[in-house]
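This report describes charged pairs, a polar side chain and nonpolar cores in one protein chain. The sequence and the structure come first.

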Amino acid sequence: MKRILFTLLSLCCLLVASAQMPKPVKMTVSIKETSATEAVISFNATIDPGWHMYSTNVVPDGPNPTVINIEKISGAKPNGPLTAQGNVIKHFDDMFGAEVYYFEHKGQFIQKLTLTGGKYAVEGYIEYSACNDQNCTPPSTVEFKFEGEVPQPKAVSTEAPENTKATEGTAEEAAEKEEATAESDSVQATEIIESTTPADGLWTPVIDQLKAFEEGGNANATESPLWYIFLLGLVGGLVALVTPCVWPIIPMTVSFFIKKGTTKKSTPEEIAAAKKRGIRDAVIYGLSIIVIYVTLGLTVTALFGASALNSLATNAVFNIFFFLMLLVFGASFLGAFELTLPAKWTNAVDSKAGSTSGLLAIFLMAFTLTLVSFSCTGPIIGFLLVEVATDGGSILAPTIGMLGFAVALALPFTLFAMFPSLLKSAPKSGNWMNVIKVTLGFIEIAFSLKFFSVADLAYGWGLLDRETFLALWIVLFALLGAYLIGWIRFPHDEDEYDMNGNVVVNPKTSVTRFFMALITMAFAVYMIPGLWGAPCKAVSAFAPPMSTQDFNISPETEVKPMFTDYEAGMKYAAEHQMPVMIDFTGYGCVNCRKMEAAVFTDPTVAELMTKKYVLIQLFVDEKTKLPEPVEVTLADQVRKLRTVGDKWSYLQASKFGANAQPFYVLLDNEGYPLVKSYSYNEDIPAFINWLNEGLRKYNN
């Protein structure tokens with residue numbers, strides 16, 4: 001969702017490329033003594049728009065929770081666990097298959113301390129993770145160190161206990177034992193640390209080399225989502241254009257503009273002047289349509305906010321609402337009923353347009369078209385709004401999508417006014433428009449099931465597992481094929497008559513409808529093996545996850561790394577003269593799992609990664625402790641590496657200048673990049689080309 005309301009296209013120039021090393025969370029730490037026996041450490045986070053920071057909730061096999069690590073403490077002790085405060089958002093994540101908890105915009109965590117009296121000191125760090133729709137940062141840490149003093153509690157008794165001496169002796173023995181253990185551990189730690197110390201050559205930064213590769217364009221750069229959304233809106237507008245509510249209006253409106261102010265007695269000069277005015281009025285009419293629909297998108301965005309729309313789109317209750325809305329729209333397109341706005345609205349606007357003149361009259365005519373055509377355009381707009389709302393929270397995306405819809409809807413009025421002769425060759429109104437309308441009805445009902453699936457997973461109803469979903473889609477598209485071939489008819493389908501005026505019982509099927517039926521029925525047949533576990537990648541983005549499949553006989557292609565240690569993998573590659581692919585990933589990285597499910601399962605990709613490369617997979621959130629913390633400097637800041645994940649995160653940042661996952665890089669045996677880096681992009685051919693390009697560079 002892997003996922004419509006819109007702002008002005010001119011805002012595109014304000015888009016700025018995101019930094020390669022995002023720091024979406026800024027955190028401040030403070031301590032407050034609430035009494036002589038208690039203090040509270042507060043962690044206040046400010047989160048960049050579009051990002052979210054996970055809360056303290058532990059989700060099995062889920063994202064990394066925010067945790068506190070207290071390394072040194074005296075004169076105090078923790079009072080309970082680290083707790084999240086404020087608006088914690090809860091939603092069901094398809095990738096993790098569970099409820100996850102996170103903050104947006106702002107978050108707060110508190111850790112209570114019980115003070116034992118006198119001087120106290122506490123030192124440690126808080127560790128957190130953050131993600132957006134494209135990337136996740138590795139676990140980040142913020143260190144803290146506080147000292148203070150509170151009054152000593154009043155003594156209850158001055159008499160020493162009878163067993164003080166024994167206790168002291170025991171303490172002395174324990175101290176000696178602890179000291180001896182520490183010495184032993186330090187020797188062992190020194191040996192392990194030496195084996196994990198970064199090798200100079202392999203850890204040499206190659207940021208400049210990667211940048212040099214990127215100058216010619218990114219190998220994994222995908223087409224701008226804004227262009228995709230604009231095209232999505234454009235297609236929606238073109239479809240709305242050929243519906244029964246819009247297409248018949250075009251010739252009437254164009255003729256009105258061209259012939260306005262002329263009579264049978266008009267001179268050629270008057271007719272030419274009227275034509276020029278007609279073209280001008282048609283252009284204004286088209287621009288008015290664009291303004292109306294873009295304003296509609298801006299209004300909805302302003303009322304709810306882009307991020308709110310994105311949050312609603314992932315909410316289980318609103319997914320049920322989306323399901324019901326698309327189901328109603330689909331039934332309307334099939335002919336069950338007509339969705340129309342109150343007639344008094346249309347009459348009022350039409351009357352106002354007739355009583356005014358100039359630009360206002362033309363604008364009101366365009367507004368009348370918007371109201372009259374709602375029964376056809378409303379469901380299409382609603383579908384587009386749902387798709388864009390579930391595809392991201394950018395304020396630009398909805399506006400550009402609505403702009404595309406309006407441009408497609410308005411353009412024919414202007415073109416036909418400029419070139420009236422085209423109207424003669426334009427197809428006439430007829431039953432073909434109702435065929436398009438019914439086809440859209442089937443498609444809207446099919447897509448409504450996607451949103452019901454999200455709600456079903458969230459509540460754990462178990463009503464729509466993968467087999468049930470695919471079975472419904474198979475039946476829907478088979479029925480659509482049957483309708484297109486002429487075996488099924490709906491209320492608004494027109495009868496065909498013979499020369500004698502009698503209804504034709506078995507009307508002929510046009511060649512166009514035959515090929516459309518062929519495509520839909522073939523698509524239905526394509527999905528049938530999915531009932532037994534076939535991947536059906538064409539619908540994998542819409543169907544429930546494979547984990548809901550009860551019966552699966554399909555063997556899965558699984559890519560397993562050869563190494564999970566950088567130095568060991570590089571050593572093996574040098575000995576066997578093979579190039580290296582490093583996969584910087586994370587246990588809590590959603591897009592890493594998407595890449596593994598959508599791209600790594602491709603047989604060609606799997607063979608290249610496992611047979612032609614030494615695959616090293618490095619988890620930046622691996623919690624295995626290093627023998628002892630290692631201090632490093634990154635971007636003029638001192639950082640402590642405490643875990644194996646910290647080490648790999650530092651490797652990614654210091655050597656490659658990146659800290660978001662997934663992040664893939666191809667290296668030679670000296671640790672230098674062969675080609676550009678690759679990140680989240682589910683384009684399998686592009687990934688294969690990237691791997692092959694790396695092989696060619698290595699072999700040369």
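Is Glu 143 buried, partly exposed or exposed? Glu 143 counts as partly exposed because its relative accessibility is 39%. The model behind this value, and behind all that follows, is predicted.

## The salt bridges around Arg 642

Five salt bridges are found when the whole structure is searched. In one of them, Arg 642 meets the side chain of Glu 143, with 3.5 Å from N to O. This pair joins distant parts of the chain, since Arg 642 is in strand E16 and Glu 143 is in strand E12 (residues 140-150), 499 residues apart.

Arg 642 also forms a salt bridge with Glu 71, where the closest N and O atoms are 2.7 Å apart. Here too distant parts of the chain are linked: Glu 71 belongs to strand E4 (residues 67-74) and Arg 642 to strand E16 (residues 637-643), with their positions 571 residues apart. Salt bridges thus link Glu 71, Glu 143 and Arg 642 in a network. Arg 642 counts as buried because its relative accessibility is 3%, which falls under the 20% limit. Glu 71, at 37% relative accessibility, counts as partly exposed.

## A buried glutamate without a salt bridge

Side chains of opposite charge can pair when their charged atoms come close. What is the nearest side chain of opposite charge to Glu 123, and how far away is it? It is Lys 145, at 4.4 Å, and Glu 123 has no salt bridge although it is buried. A salt bridge requires the nitrogen and the carboxyl oxygen to be within 4 Å, so a distance of 4.4 Å does not qualify.

Glu 123 lies in strand E10 (residues 118-128). Leaving aside residues up to four places away in sequence, Glu 123 touches Asn 69, Ile 70, Glu 71, Lys 72, Phe 144, Lys 145 and Lys 640. Glu 71, one of these contacts, is also part of the network with Arg 642.

## A salt bridge between two helices

Another salt bridge joins Lys 647 and Glu 567, with the closest N and O atoms 3.7 Å apart. Lys 647 is in helix H19 (residues 644-656) and Glu 567 is in helix H16 (residues 566-576), so the pair, 80 residues apart, connects distant parts of the chain. Lys 647 counts as buried at 6% relative accessibility, and Glu 567 counts as buried at 14%.

## Asn 669 in its loop

Asn 669 sits in the loop between strand E17 (663-667) and helix H20 (684-699). Its relative accessibility is 13%, and therefore Asn 669 counts as buried. The side chain of Asn 669 reaches the backbone oxygen of Met 578 at 2.8 Å, and a polar atom of that side chain lies 3.4 Å from the backbone oxygen of Ala 573. Residues touched by Asn 669 include Leu 202, Met 570, Gln 577 and Tyr 698.

## The nonpolar cores

In soluble globular proteins, nonpolar side chains tend to be buried together. The largest nonpolar core in this model has 40 residues, and Ile 289, Tyr 293, Phe 405 and Leu 409 have the most contacts inside it. Helices that each supply at least two residues of this core include H3 (225-241), H5 (268-304) and H11 (396-418). The largest share, ten residues, comes from H11.

Leu 409 touches Gly 237, Ala 240, Leu 241, Val 246, Ile 289 and Tyr 293, not counting residues up to four places away in sequence. Another core, of 32 residues, lies apart from the largest one, and among its residues are Phe 323, Leu 480, Leu 484 and Ala 543.

How values were computed:
Residues are numbered from 1 along each chain as its sequence is written. This is a predicted model: local features need pLDDT of at least 70, side-chain atom pairs count only at pLDDT 80 or more; totals for chains, interfaces and linings use all residues. Side-chain values use heavy atoms; hydrogens and water are left out. Helices (H or I, at least four residues) and strands (E, at least two) are DSSP runs, numbered from the N terminus. Buried means under 20% relative accessible area, exposed over 50%, partly exposed in between (1.4 Å probe, protein chains only). Lys and Arg count as positive and Asp and Glu as negative; His and the chain ends are not counted. Contact means heavy atoms within 4.5 Å. A polar contact is a pair of N or O atoms within 3.5 Å; within protein, one must be able to donate a hydrogen and the other to accept it, and residues adjacent in sequence count only if both atoms are side-chain atoms. A nonpolar core is a set of buried Ala, Val, Leu, Ile, Met, Phe, Trp, Tyr and Cys residues joined through side-chain atoms within 4.5 Å.
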